[in-house]
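Visitor: Please choose one part of this model and take me through it slowly, beginning at the surface and then going on to what surrounds it. I am in my first year, so I would be glad of full sentences.

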Amino acid sequence: MDLNNVLVLILAGGKGDRLEPLTRHRTKPAVPFGGIYRIIDFTLSNAINSHLRKVIVLVQYKCNSLNRHLREGWNIFSNALGEYIESVSPQQRVTETWYLGTADAVYQNIYSIEKDNPKHVLILAGDHIYKMDYRHMLNFHKERQADLTVGVLKCPKSRRCITGLFN
């Protein structure tokens, strides 16, 4: 798979009410984790280690510290090589409302997706902690000529699991 034709959208706008007071002044992906790192760094590291270099981070609530972290900690991309990480705030471009959920955040940013014109779009959560090489999932997707592929973890019915790649 040509990884230059993959656009990564990271959903990083959740309020994070369950992590109060850690999210009192920041969004959940910006919560510190292990010193200078933030929760979003897991998703970003997975993307970088998967050789994906076109990243749009969709932010919404209390995003100042997240934007600062992206600007200061992730300025490793080369525009000259077509690489970037871009933070996009809600713009009410499609409707008069702010994001009404994760699918709506993607829908309201169709313009940004179309502007890049990727062959594939990888949509990820910015507030999950996991390690994954996305190339395996992208190759699985391509081999099956799928329209959509969702990455999840199996969980026995006897356990209450809330996990996967999407909020």
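Guide: Let us begin with a nonpolar patch on the surface, which V94, Y107 and I110 make together and which covers about 240 Å². The model you are looking at is a predicted one, and each statement below should be read in that light. Of the patch residues, Y107 is a good one to find first, since its place is in helix α3, which spans residues 102-107. Y107 counts as partly exposed because its relative accessibility is 45%, and exposed would require over 50%.

From this patch we can turn to the sheet, which is the part I would like you to look at closely. It is an open sheet of 4 strands, and if you read across it the order is β3-β2-β1-β4, with parallel pairing. At the edges stand β3 and β4, the latter being residues 120-125, and each of these pairs on one side only. From one strand to the next, the twist averages 20°.

Now follow the pairings of β1. Towards one neighbour, β1 and β4 run parallel and are joined by 6 bridges; as an example of such a pairing, V8 has L122 in β4 as its bridge partner. Towards the other neighbour, β1 pairs with β2, again in the parallel sense, over 5 bridges, and here you can find A12 standing opposite V59 of β2.

Stay with β2 for a moment, and ask how many of its residues are buried. The count is 6 of 6, so that the strand is mostly covered. The side on which each one points is also worth following, for K54, I56 and L58 point one way from β2, while V55, V57 and V59 point the other way, and all of them are buried.

Part of the setting of this strand is helix α2, which lies across β1, β2 and β3 and runs at about 165° to β2. Within α2, the residues S65, L66, N67, H69 and L70 are buried. An α-helix has 3.6 residues a turn, so residues three or four places apart point the same way. With that in mind, look at where the covered residues of α2 are placed: the buried residues of this helix pack against β1 (6-12), α1, β2 and β3.

The loops around the sheet deserve the same attention. In the loop between β1 and α1 you will find T23, which is buried because its relative accessible area is only 1%, where under 20% is the cut-off. Leaving aside residues up to four places away in sequence, T23 touches K15, G16, D17, K28, V31 and K62.

Two further loops are connected by charged side chains. R53 and E83 meet in a salt bridge, with 3.9 Å from N to O. This pair links distant parts of the chain, as R53 is in the loop between α1 (40-49) and β2 (54-59), E83 is in the loop between α2 (64-73) and β3 (84-88), and the two are 30 residues apart. The partners fall into separate classes of exposure: R53 is partly exposed, at a relative accessible area of 27%, whereas E83 is buried, at 16%.

That salt bridge belongs to a total of 5 in the structure, and another of them involves R135, whose side chain meets that of D133 at 2.7 Å, N to O. Both partners are partly exposed, R135 with a relative accessible area of 26% and D133 with a relative accessibility of 23%. R135 is found in helix α5, residues 134-143, yet its contacts reach well beyond that helix, for R135 touches L3, N49, S50 and H51, not counting residues up to four places away in sequence. Among these, L3 is 132 residues from R135 in sequence, although their C-alpha atoms are 8.3 Å apart in space.

Finally, a salt bridge joins R144 to E143, with the closest N and O atoms 3.6 Å apart. Here R144 is partly exposed at 49% relative accessibility, while E143 is exposed, because its relative accessible area of 61% is over the 50% cut-off.

Definitions and conventions:
Residues are numbered from 1 along each chain as its sequence is written. This is a predicted model: local features need pLDDT of at least 70, side-chain atom pairs count only at pLDDT 80 or more; totals for chains, interfaces and linings use all residues. Side-chain values use heavy atoms; hydrogens and water are left out. Contact means heavy atoms within 4.5 Å. Patches are made of residues with over 30% relative accessible area and no salt bridge: like charges are joined within 9 Å, nonpolar side chains (Val, Leu, Ile, Met, Phe, Trp, Tyr) within 5 Å. Accessible areas come from the Shrake-Rupley method with a 1.4 Å probe; for residues, only the protein chains shown count as cover. A salt bridge is a side-chain nitrogen of Lys or Arg within 4 Å of a carboxyl oxygen of Asp or Glu. Buried means under 20% relative accessible area, exposed over 50%, partly exposed in between (1.4 Å probe, protein chains only). Two strands pair if DSSP finds at least two bridges between them. Axes are lines fitted to C-alpha atoms, for helices over the stretch in contact, and angles run from 0 to 180 degrees between N-to-C directions.
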